[in-house]
Amino acid sequence: MAPIARKACQAAAIIGICTLVVGLSAWASPPARNAGAVSGHHHRSAVQGTLMSPIALGLNTAPWDAYYLPSPSGYAGTINSDLKAAHIGLIRYGGGSWADYYDWQTNTSLAGCEGPPKYLNYNSAPFQGSPCDETSALDFATFSEEAKQAGAGTLATVNYGSGSPALAAAWVANSLTSRTKSVAMWEIGNETYGCWEVDQWLSRAPEHFDGYKPDYYATCPQAVQGMAKGTETLALSYAANALPFIRSMKAVDPSADIGVPWLFGPSVEGGGNPESAEWNDTVLGKDGSYVGFVDAHYYPFEFSGATSTADPGDGRP
């Protein structure tokens, strides 16, 4: 089967990004390190294909987004009417980096915890049950109900950075309990190719990278080891530790469509990295036979030229 590209432009109350979700052909076995269709001209051919409906156009929301609650607390009814009119077929839940702080079972997050106390037990266990936890506004059940009211499928980003395979598998199991909670696509972590994401697995096998703390770039492998070696460290850690997530989720639902982050090169504004092939080749070289798609984030924030002062998007694309 030829690869299929599915585009989703994501927008939230605070940030907007564009995502390219690319379906991968089935791989009989993991490819050699430099043999996969994941870089250079291979990458360009991999994203060619047919834009699928109804999930060709989508939006992003997050557990903190109280606007997507039903009335009288939120505006989900009005939003869903607009989503239907815009033919939105897919809504991503997790909220970017928030996804790697979020425990869907308790509807709590560590993202509101400021400063070093967040990291006290960082090297010992997943964060669930931390005294830093705070309740999020939009739980998964409520989000799912509203997404279905909008006629949209869902893409859920599971908590890789501070979660566990068991937490992800339990989410898959929960999604199978009713049609309302069904999930069309799953993603393992948000932008795990960068140290702005929380990533407890860096301190564990196979990398055992000492001293790393999320949100402290000076402790990031890319800062300590340089961009090339640091990106390799991130990729090797992710490839090894994402695999138990995928296997645990597939054990619950063998038909689950599971994807991983894809990293653009430096020519793409906002999310590029000159060592993108190191990430893409390593992750897909090791986990490609288990992966159904890749999720590539594009941030079109740069703008030049004259705009009207009456334009509410003045200074933005």
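**Loops, cis prolines and packed helices**

Trainee: His87 is found in the loop between α2 and β4 (90-93). Does His87 count as buried or exposed?

Mentor: Glad you started there! This is a predicted model, in which local features need pLDDT of at least 70 and side-chain atom pairs count only at pLDDT 80 or more, while totals for chains, interfaces and linings use all residues. Residues are numbered from 1 along each chain as its sequence is written, and side-chain values use heavy atoms, with hydrogens and water left out. The relative accessibility of His87 is 64%, and buried means under 20% relative accessible area, exposed over 50%, partly exposed in between (1.4 Å probe, protein chains only), so His87 counts as exposed.

Trainee: What is phi of His87 near?

Mentor: Most residues other than glycine have a negative phi. His87 departs from that sign, with a positive phi near 60°.

Trainee: And what is phi of His208 near?

Mentor: His208 is found in the loop between β9 and α5, where helices (H or I, at least four residues) and strands (E, at least two) are DSSP runs numbered from the N terminus. At 47% relative accessibility, His208 counts as partly exposed. Its phi is also positive, near 50°.

Trainee: Which proline follows Ala205 through a cis peptide bond?

Mentor: Most peptide bonds are trans. The bond from Ala205 is cis, with omega near 5°. Its partner lies in the loop between β9 (185-188) and α5 (221-224), and that partner is Pro206.

Trainee: Where does Pro72 lie?

Mentor: The peptide bond from Ser71 to Pro72 is cis too, with omega near 10°. Pro72 lies in the loop between β3 (58-61) and α2 (76-85).

Trainee: Which backbone oxygen does the side chain of Ser162 reach?

Mentor: Ser162 lies in the loop between β8 (153-158) and α4 (165-175). With a relative accessible area of 1%, Ser162 is buried. Its C-alpha atom is 6.3 Å from that of Asp199, 37 residues away along the chain. At 2.6 Å, the side chain of Ser162 reaches the backbone oxygen of Asp100.

Trainee: How far apart are the end C-alpha atoms of helix α6?

Mentor: The expected span of a helix is 1.5 Å times one less than its number of residues. Helix α6 (residues 227-252) has 26 residues, so it should span 38 Å. The model agrees, with the end C-alpha atoms separated by 37 Å.

Trainee: At which residue does the kink in α6 lie?

Mentor: The bend at a residue is the angle between axes fitted to the seven residues ending there and the seven starting there. In α6 a kink of about 25° comes shortly before the proline Pro244, at Ala242.

Trainee: How are α6 and α7 arranged relative to each other?

Mentor: Axes are lines fitted to C-alpha atoms, for helices over the stretch in contact, and angles run from 0 to 180 degrees between N-to-C directions. The axes of α6 and helix α7 (residues 276-287) come within 9 Å and cross at roughly 25°. Angles under 35 degrees count as roughly parallel, over 145 as roughly antiparallel, 65 to 115 as roughly perpendicular and the rest as oblique. So α6 and α7 are roughly parallel.

Trainee: How far apart are the axes of α4 and α6?

Mentor: α4 and α6 are also roughly parallel to each other. They pack at an angle of about 30°, and their axes are separated by 8 Å.

Note on methods:
A polar contact is a pair of N or O atoms within 3.5 Å; within protein, one must be able to donate a hydrogen and the other to accept it, and residues adjacent in sequence count only if both atoms are side-chain atoms.
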